[in-house]
Amino acid sequence: MDREGLPGMAVGSRQSAVGKGISALNLQTPHSGYHWDGSDRRFFEGWYFRVTLPSEGQSFAFMYSIDDPAGGQPQSGGAAQILGPDEQYFCRTLPDVTGFRAAYDHLSLQHWRSPSNALPFPLPPSPFPSNAEGYQATATLNQGQLKDPVSGQWVRWQYETTPVYGWGNLGESQLATAGWLSYMPFTEPGWQVLMAHGLAKGWVEWQGQRYTFENAPAYAEKNWGGAFPTKWFWLQCNAFEGQPDLTVTSAGGLREVLGRSEAVGLIVVHWCDLIYPFASTHGPFTWEIAPWGSWQLTAHRGLHRIVLSGTTGDPGNLVRVPTRDGLQFLCRDTTHGHLTLQLYERDQLMVEAQSDLAGLEVGGGPWETTWRRS
């Protein structure tokens with residue numbers, strides 16, 4: 001392992017990890033636990049869970065967050081946001097921080113809108129009380145129910161996930177997404193992919209329609225800290241046509257390190273038991289990201305090269321993201337982007353795949369022109 005926490009690129013067995021869920025059931029990455037230190041400093045933590053339904057051509061993305069959990073601050077409180085079918089948007093605030101609980105040593109969290117509805121923590125997967133609003137999530141469970149106060153309709157969901165890939169080679173110790181720097185407070189906000197790929201079974205009820213699924217591609221990540229990104233992009237897909245074992249996550253942005261701003265990028269592929277990481281700190285890494293509609297990236301590392309091309313003709317939807325002044329609509333997302341991936345070794349094409357169910361995002365700004373890095 002090199003000093004950034006990224007593994008070597010040795011090409012080992014390329015047998016598919018799908019179907020090997022038993023060996024990956026208890027995968028836990030670094031940073032899985034809650035990060036708040038109990039102080040009253042400006043702080044947020046957010047979690048993102050996504051399940052994709054290729055047979056429906058749809059996706060559900062659940063975004064949970066807590067701001068200033070000490071309470072008594074202008075931004076104190078939580079929220080649950082959902083991007084549902086055809087990128088319909090749902091948001092419910094959870095203003096009482098006393099209804100939020102999370103584990104510090106593993107992934108487990110819940111938030112109830114009313115403390116009077118608070119249930120034992122952690123709660124096993126079971127029906128919630130009919131009048132309770134909230135959610136709970138672990139490494140293998142995502143469950144909740146929330147009511148739209150305008151329409152009066154409920155959104156309910158419960159699914160369990162068998163992890164396939166955490167963040168690292170299958171069967172080995174899992175890695176910090178941002179390497180050893182992720183443990184340093186001066187590199188906040190932190191970011192960690194919790195599960196690059198999993199297989200989910202369960203259901204979601206959305207506007208009176210119930211979606212049931214089994215072996216649906218699932219994904220999870222989180223971020224945290226007291227600093228806030230100014231500009232970024234993000235791509236994610238684990239629902240490629242004809243490649244059930246392939247998953248990719250990519251992100252880039254401007255970060256502040258010891259008072260200096262720098263543009264950094266990352267592309268990581270998991271495929272056939274192995275992780276293939278590419279970072280702008282380790283080799284040639286270029287991108288051209290439009291204000292909306294086009295994401296073009298190329299990166300090299302050692303014997304390997306990757307090319308990503310993401311596009312969308314859809315307007316996507318705005319979602320709230322953490323800022324110094326609380327959650328703001330400063331991010332545009334689609335879960336129906338077209339993504340093409342090409343991974344090479346010694347200029348020989350190892351795998352090529354595409355999907356029309358990719359997550360594509362731009363955030364912060366300004367985004368007046370195409371952002372280029374070469």
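**Figure 1. The lining of the largest cavity in this predicted model, sorted by residue class.** Twelve is the count to remember for the nonpolar side of this wall: the lining has 12 nonpolar, seven polar and one charged residues. The enclosed volume comes to about 170 Å³. Among the 20 lining residues, those closest to the cavity centre are Leu107, Thr138, Ala139, Met195 and Ala220. Several strands share the job of building the wall, with at least two lining residues each from β1 (44-53), β8 (141-147), β9, β10 and β11 (209-225).

**Figure 2. The second largest cavity and the residues around it.** How many cavities of 30 Å³ or more turn up in the model? The count is two, and the one shown here holds about 30 Å³ of space. Its lining takes in Ser32, Gly33 and Tyr34, then Trp47, followed by Ala102, Ala103, His106, Leu107, Ser108 and Leu109, and finally Lys222. Sorted by class, these are six nonpolar, four polar and one charged residues. Leu107 deserves a second look, since this residue lines the second largest cavity and is also listed among the residues closest to the centre of the largest one.

**Figure 3. Lys222 and Glu45, a buried salt bridge.** Lys222, met above in the lining of the second largest cavity, pairs here with Glu45, and the closest N and O atoms are 2.6 Å apart. Lys222 sits in strand β11 and Glu45 in strand β1, so the pair links distant parts of the chain, 177 residues apart. Are these two partners buried or exposed? Both are buried.

**Figure 4. Asp68 and Arg42, a salt bridge between two loops.** The closest N and O atoms of this pair lie 3.1 Å apart. Asp68 belongs to the loop between β2 (58-67) and β3 (77-83), while Arg42 belongs to the loop between α1 (21-24) and β1, and the two are 26 residues apart. Asp68 counts as buried because its relative accessibility is 5%. Arg42, at 14%, also counts as buried.

**Figure 5. Arg305 and Asp347, with an exposed partner.** Here the closest N and O atoms are 3.9 Å apart. Arg305 lies in strand β18 (residues 304-311) and Asp347 in the loop between β20 (326-345) and β21 (348-364), so the salt bridge ties together parts that are 42 residues apart in sequence. Arg305 is partly exposed at 23% relative accessibility, whereas Asp347 is exposed at 64%. For the wider picture, the whole structure has nine salt bridges, and Asp37, Arg41 and Glu188 are linked in a network of them.

**Figure 6. His111 in strand β6 and its surroundings.** Strand β6 spans residues 108-112, and His111 is buried there, with a relative accessible area of 0%. What does the side chain of His111 reach at 2.9 Å? The partner is the backbone oxygen of Asp96. Beyond its neighbours within four places in sequence, His111 is in contact with residues including Ile66, Gly78, Leu94, Val97, Phe100, Glu133 and Tyr135.

**Figure 7. Thr177 in the loop between β9 and β10.** This loop joins β9 (154-165) to β10 (190-206), and Thr177 counts as buried at 3% relative accessibility. A polar atom of the Thr177 side chain lies 2.8 Å from the backbone nitrogen of Val193. Apart from neighbours within four places in sequence, Thr177 is in contact with Trp167, Trp191, Gln192, Val193 and Leu266.

Terms used
Residues are numbered from 1 along each chain as its sequence is written. This is a predicted model: local features need pLDDT of at least 70, side-chain atom pairs count only at pLDDT 80 or more; totals for chains, interfaces and linings use all residues. Side-chain values use heavy atoms; hydrogens and water are left out. Helices (H or I, at least four residues) and strands (E, at least two) are DSSP runs, numbered from the N terminus. Buried means under 20% relative accessible area, exposed over 50%, partly exposed in between (1.4 Å probe, protein chains only). A polar contact is a pair of N or O atoms within 3.5 Å; within protein, one must be able to donate a hydrogen and the other to accept it, and residues adjacent in sequence count only if both atoms are side-chain atoms. Contact means heavy atoms within 4.5 Å. On a 1 Å grid over the protein atoms alone, a cavity is a set of points where a 1.4 Å probe fits but cannot get out, and a pocket is an open set with protein on both sides within 12 Å along at least five of seven lines; lining residues have an atom within 4 Å of a point. Grid points are joined across faces, edges and corners, and a volume is the space filled by probe spheres set on the points. Ala, Val, Leu, Ile, Met, Phe, Trp, Tyr, Cys and Pro count as nonpolar, Asp, Glu, Lys and Arg as charged, and the others, Gly among them, as polar. A salt bridge is a side-chain nitrogen of Lys or Arg within 4 Å of a carboxyl oxygen of Asp or Glu.
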